[in-house]
Amino acid sequence: MAGAGVVRETPILSSRTLSERCGATVVLKAENLQRTGSFKLRGALAKVAALGEKCAGGVVCGSAGNHGQAVAYAAQARGVACEVFMPVVAPIAKVEAVSALGALVRLVGADVRESLDAARARGAEASMAFVHPFADPEVIAGQGGIGLELLSQVPDIARVLVPVGGGGLISGVAIALSSARPDVEVIGVRVDADARLTIADGIAVKEPGREMRGMVDRWADELVTVDEDEVGEAMVFLLERAKLVVEGAGAVGVAALIDGRFSPRRRGGSTVVILSGGNVDPGLLAEVVRRHETQAGRRLVLLARLPDRPGSLAPLLALVAEQGANLLDVQHIREGIDLHVRESAIQLVLETRGPAHADEVRAAVRAAGYAEPPLRR
């Protein structure tokens, strides 16, 4: 098999919480622990191996990040030049990761489609082999290695949830599974096409091309759609409960289960969720976690009016501490609020134990006479 010895057989991890929530056995295929951080390495290695001497002049690709890292890794292993075209809005972490693997990064285009067009043109101009991220038989066959591993790792596999972007992953997995277990359901999960696709940039191709769409329709038993908010919650769930860093594109299957977009209760056997990648920008992950904390009632923002004199803040902070809240941030605000000339407004960002605790903290602060200042009209 192309890439043998380089591609890792990624582990199957149990999820008691997901299993209890769904009423069925759910396990996670951790492709986020693959070399380069995603399943894309499988297809890239297969393609470069198939090219043989045809890639002597180098390889070129267009990518949001994961495919670029995979092709750069495969080119480095083969000792050939590599150029990766990425959208100008590509996450900095992914751009740096591609560069670290020795590839020349060119930021071209507003989205992946424009980057792909530029990469294809560059390949023709410079006699470099173009490596498509999904619409390529060798790439699809490489991704199928996941399906082959699942057959041996999960003997009672009944269904598998697969992220869908361009369609290469679900096609490869389904083809591999169908050869031995045609009874296994293959469920495709995609992100709402109307979403901004900032979280799930790894599947930022809104619709597969005609040929790939035909393959997806042929091999997928069902297609479900999740939105960005659900994807963000799935990322936090995997971080908190499974201790796994998974990017948005890789978390869509878990999002479908958590929010009930797909239910595996129809028959027995294990449900496998493919976590396709873990290359998430640290800043984005921090924002997703912060938003989750706020929605879960574990972050409280309080405004209070105080006399503008030394020492007036200390009693308020002491009161907050007595209530068991953790101070995360404090700011003095004097603009846009109706205040006396000798008053100041304080904004506190507090970590609480949940909605009930947040209400207790807020009530204690108001009961102590710390009023919320009105906005200036």
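Select Asp 229 and Arg 291 to start: in this predicted model, the two form a salt bridge whose closest N and O atoms are 3.1 Å apart. The pair ties together distant parts of the chain, with Asp 229 in helix 10 and Arg 291 in helix 12, 62 residues apart. Check the surface around each partner. Asp 229 has a relative accessible area of 44%, so it counts as partly exposed. Arg 291 comes out at 36%, and that makes it partly exposed too.

While you have salt bridges on screen, select Lys 29, Glu 31, Arg 42 and Glu 149. Salt bridges that share partners join these four residues into one network. Keep Glu 31 in mind, as it turns up again at a later stop.

**The two helices behind the first pair**

Now show helix 10 (residues 228-241) and helix 12 (residues 282-295) as cartoons. How far apart are their axes, and at what angle do the helices pack? The axes are 9 Å apart and the angle is about 95°. Since angles from 65 to 115 degrees count as roughly perpendicular, helix 10 is roughly perpendicular to helix 12.

Turn on the side chains to see who meets whom. From helix 10, the contacting residues are Asp 229, Gly 232, Glu 233, Met 235, Val 236, Leu 239 and Glu 240. Facing them from helix 12 are Leu 285, Val 288, Val 289, Arg 291, His 292, Glu 293 and Gln 295. Your opening pair, Asp 229 and Arg 291, is included in these two sets.

**Just before and just after helix 10**

Next, pick Asp 227 and Arg 261. Their side chains meet in a salt bridge, at 3.9 Å from N to O. Here again distant parts of the chain are linked: Asp 227 sits in the loop between strand 9 (222-226) and helix 10, while Arg 261 is in the loop between helix 11 (252-258) and strand 10 (270-275), 34 residues apart. Asp 227 is partly exposed, with 26% relative accessible area. Arg 261 is partly exposed as well, at 38%.

Then move to Lys 243, in the loop between helix 10 and helix 11. What is the backbone doing here? Lys 243 has a positive phi of about 60°, although it is not a glycine. With a relative accessible area of 65%, this lysine is exposed.

**Helix 5 and the loop after it**

Zoom to helix 5 (residues 112-126) and select Asp 117 with Arg 120. The two make a salt bridge, with the closest N and O atoms 3.5 Å apart. They are 3 residues apart in the helix, so about one helical turn separates them. Asp 117 is partly exposed at 45% relative accessibility, and Arg 120 is partly exposed at 39%. If you'd like to hunt for others, a search of the whole structure finds 23 salt bridges.

Follow the chain into the loop between helix 5 and strand 6 (129-130), where you'll find Ser 127. Its phi is positive, about 55°, although Ser 127 is not a glycine. Is Ser 127 buried or exposed? At 57% relative accessibility, it counts as exposed.

**A buried serine**

Jump to Ser 38, in the loop between strand 2 (26-30) and helix 2 (40-51). Its relative accessible area is 0%, so this serine is buried. Leave out residues up to four places away in sequence, and Ser 38 touches Glu 31, Asn 66, Ser 276, Gly 277 and Asn 279. That Glu 31 is the one from the salt-bridge network.

**A meeting across the sequence**

Select Asp 156, in the loop between helix 7 (145-153) and strand 7 (157-163). Which residues does Asp 156 touch, not counting those up to four places away in sequence? They are Gly 269 and Ser 270. Put a distance label on the C-alpha atoms of Asp 156 and Ser 270: the separation is 5.8 Å, though the two are 114 residues apart along the chain. Asp 156 is partly exposed, with a relative accessible area of 42%.

**Last stop: a nonpolar patch**

Finish by selecting Val 88, Val 89 and Leu 107 and showing the surface. Together these residues make a nonpolar surface patch of about 290 Å². Val 89 lies in the loop between strand 4 (82-86) and helix 4 (92-100). At 63% relative accessibility, this valine counts as exposed.

How values were computed
Residues numbered from 1 in each chain as written. Predicted model: local features only at pLDDT ≥ 70, side-chain atom pairs only at ≥ 80, totals over all residues. Heavy atoms only, no water. Patch = residues over 30% accessible without salt bridge, like charges linked within 9 Å, V, L, I, M, F, W, Y side chains within 5 Å. Areas by Shrake-Rupley, 256 points an atom, 1.4 Å probe, with all protein chains shown as cover. Helix = DSSP H or I, 4+ residues; strand = E, 2+ residues; numbered from the N terminus. Buried < 20%, exposed > 50% of the residue type's maximum accessible area, 1.4 Å probe, protein only. Axes fitted to C-alpha atoms, helices over the stretch in contact; angles between N-to-C directions. Parallel < 35°, antiparallel > 145°, perpendicular 65-115°, else oblique. Contact = heavy atoms within 4.5 Å.
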